[in-house]
Amino acid sequence: MENAKAAHINELVRVSEGIASKRDAIITASWRRCVADHKLDPTVRREAYILPHERLCLHRDAMDEFLRMARFGLEALYHQVAGMGYALLLTDSNGVTVDFIGDRASDDDLRRTGLYLGADWNEGRAGTCAVGTCIATGEALTVHQTDHFDATHIPLTCTAAPVFHSGGGLAAVLDISALRSPEPKISQYLALQLVKAYTHKIENANLYNNFRREWVVKLSASQEFAEVDPDFVMALDGAGRIIGFNHRAWQLLAGEGEGREDLIGRSFSDLFDCQVDDLVRFVRSLPTDQRTLHLRRSGTPLFAQAMPPPAIAVLRPRKGDEGNLPKPLQAMCGGDPALKAVLTRAAKLVNTRMSLLIHGETGTGKEHLAKALHQSSVRAAKPFVAVNCAALPEALIESELFGHEPGSFTGATSRGKKGLILEADGGTLFLDEIGDMPLSSQTRLLRVLAEREVTPVGRTKAVSVDVRVIAATHRDLVELIKAGTFRDDLYFRLNGAVFTVPPLRQRGDLDWLIDRLLAERAERDGIGYTIAAPALAALRAHGWPGNVRELVNALDYACAVCTDGLIELMDIPDPVQRSGVFEAWPASAPTPAADSADPAVRLREVLRRLHWNVSAAARDMGVDRSTIHRQMRRFGIVPPHRLD
């Protein structure tokens with residue numbers, strides 16, 4: 001080993017004297033910089049320098065919000081590389097390690113080599129190393145074994161990538177390092193790609209967090225990834241000027257020959273064939289393949305998604321439109337063009353007797369639309385009666401809908417029953433899941449719609465009834481008619497007007513809806529709720545197969561388990577977490593076994609699985625809460641939302 005270090009020092013001296021080297025140009029340039037600029041002696045071996053706690057706190061405090069946001073990216077990355085012996089370091093722009101994740105079993109070795117919280121990896125102190133040289137060059141790179149300047153670091157392999165803030169400057173460096181590795185440098189190629197990918201995710205999450213009240217435009221050369229993992233992201237102010245961007249967006253425009261001047265303040269329409277007023281074309285309500293724009297200089301096409309500020313409408317209404325939309329209908333939409341068009345058309349029919357049919361996926365809010373139509377009409381003071389046609393037993397559906405006379409059949413009540421249709425007299429009858437109504441009942445419902453009268457079971461004389469009928473279904477009634485399970489004449493009675501509620505994944509007002517639901521929950525609970533950037537990013541990225549109903553459930557859960565009203569990524573239900581910017585458990589990395597031999601690993605994974613709920617962890621492990629707290633202190637386990 002000593003011979004290898006002596007040979008390494010000799011090579012350093014030759015390179016510093018200008019002799020050519022077979023090493024990467026970026027490594028040889030760093031070696032020469034260490035001697036000429038930093039005045040480092042290649043024959044002197046340096047121990048790792050760990051900052052005192054007080055000084056470390058100053059560095060951490062300076063980037064407190066960024067650290068909380070980036071922590072989820074570090075944890076997701078660590079779960080992909082932990083079994084390979086890597087430690088993760090996040091440094092500030094000065095090279096000081098402000099966050100760290102590593103194997104506790106190797107704690108002493110990691111601290112000794114500087115792969116630890118508080119270590120200073122600036123090139124001027126540590127010589128050529130992944131973090132320091134990344135800061136000096138602004139490039140992602142691997143410094144592998146003898147690439148290091150200081151002979152002390154020869155056993156290490158270190159891979160780092162810069163994290164840029166939304167104004168273009170260096171914010172941090174993400175590094176993964178190992179105490180030992182295979183000799184070929186190519187063995188670290190995958191590590192380099194992973195670090196690049198996660199720095200991109202962290203940059204995007206940071207931008208979303210910083211500009212969540214502004215227009216954000218996501219661009220990608222790939223139609224499939226334009227929404228979930230965009231290459232280029234920019235934030236715009238109300239005038240269409242660029243106020244933030246990720247590093248790839250800066251590289252894209254620099255590659256277009258726009259120069260390396262600061263992009264801040266540039267007009268979006270100067271760079272792309274899109275005016276600020278046209279951004280509404282690029283919200284989610286349109287299919288991705290219809291949302292393309294082009295770079296003005298080269299004509300390169302890109303797929304786009306525009307995320308509007310939650311406080312403004314994405315559709316500029318014609319003069320007088322807002323005044324014609326009743327408040328209950330206004331409250332259903334935060335500006336999504338497709339939903340806004342449905343509500344505007346529905347508003348014109350609120351006071352007609354025409355039957356309405358609402359179509360849409362499960363959970364999109366069909367009943368909410370029906371209630372809003374009722375509340376907007378002259379029938380608002382009368383009953384709104386909702387009937388789930390799929391939930392009523394077939395044998396009782398007629399008596400439930402039409403009512404019955406006393407003793408009219410076995411099991412009938414002695415006082416009889418009015419029936420849901422008569423209960424809705426003067427108001428609105430909402431027939432949910434009408435496609436699941438049995439054929440026999442469809443025949444009698446058809447008479448109600450045609451004659452506006454109902455005959456209770458056991459009675460011979462019909463009773464007049466004045467109801468507005470609104471039906472809803474997630475099924476294709478035309479296909480049911482072809483299959484013979486739905487009456488065509490009933491269909492034509494119901495579809496006086498047909499409205500389709502767009503699924504949540506196609507709506508452009510998700511942020512508005514989240515804000516509104518949290519405000520309603522806050523009013524009910526008497527506590528204010530705020531949502532952290534990684535949690536919001538996960539909600540934005542999720543596909544919402546259960547639509548608004550699934551979103552309501554996710555936010556109810558998050559509000560119930562969050563701490564002090566702050567909803568973190570860990571408070572979001574697991575299926576939604578896995579769709580977010582950072583996966584809690586990446587699909588490629590299985591969850592560690594709960595019966596791990598390492599008690600620290602086992603405790604950490606139990607806490608993570610139970611969203612850091614100490615009481616639940618104590619029950620799961622069959623111990624007292626005090627034992628969990630004591631073990632957390634012993635193993636240095638700190639919940640992410642409690643980090644300084």
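**Exercise 1. Decide whether Cys333 is buried or exposed.**

Solution. Start with the cut-offs: buried means under 20% relative accessible area, exposed over 50%, and partly exposed lies in between (1.4 Å probe, protein chains only). Cys333 has 10% relative accessibility, so Cys333 counts as buried. Cys34, at 0% relative accessibility, also counts as buried.

The model is predicted: local features need pLDDT of at least 70, side-chain atom pairs count only at pLDDT 80 or more, and totals for chains, interfaces and linings use all residues. Residues are numbered from 1 along each chain as its sequence is written, and side-chain values use heavy atoms, with hydrogens and water left out.

**Exercise 2. Find how many disulfides the structure holds, and explain why Cys34 has no bond to Cys129.**

Solution. A disulfide is a pair of cysteine sulfur atoms within 2.5 Å. The count for this structure is zero. Take Cys34: its closest cysteine sulfur is in Cys129, 8.0 Å away, and therefore too far for a bond.

**Exercise 3. Work out the strand order of the sheet that contains S1, and name its edge strands.**

Solution. Strands (E, at least two residues) and helices (H or I, at least four) are DSSP runs, numbered from the N terminus. Two strands pair if DSSP finds at least two bridges between them.

- Order: the five strands run S2-S1-S5-S4-S3 in an open, antiparallel sheet.
- Edges: S2 (97-101) and S3 (141-144) each have a single partner strand, so one side of each lacks a neighbour in the sheet.
- Twist: the average is 20° from one strand to the next. Axes are lines fitted to C-alpha atoms, for helices over the stretch in contact; angles run from 0 to 180 degrees between N-to-C directions.
- One pair: S4 (157-164) and S5 (170-178) are antiparallel, with eight bridges. Here Cys158 faces Ser177 in S5.
- Helix: H4 (64-81) lies across S1 (86-92), S2, S4 and S5, at about 160° to S1.

**Exercise 4. Repeat the analysis for the sheet that contains S6: what is the strand order?**

Solution.

- Order: five strands, S8-S7-S6-S10-S9, form an open sheet with antiparallel pairing.
- Edges: S8 (242-245) and S9 (292-294) have a single partner strand each, so each has one side without a neighbour in the sheet.
- Twist: the average is 35° from one strand to the next.
- One pair: S6 (215-220) and S7 (232-236) run antiparallel, joined by five bridges. Trp215 stands opposite Leu236 in S7.
- Helix: H8 (189-210) packs on this sheet and touches S6, S7 and S8. Contact means heavy atoms within 4.5 Å. The direction of H8 makes about 15° with that of S7.
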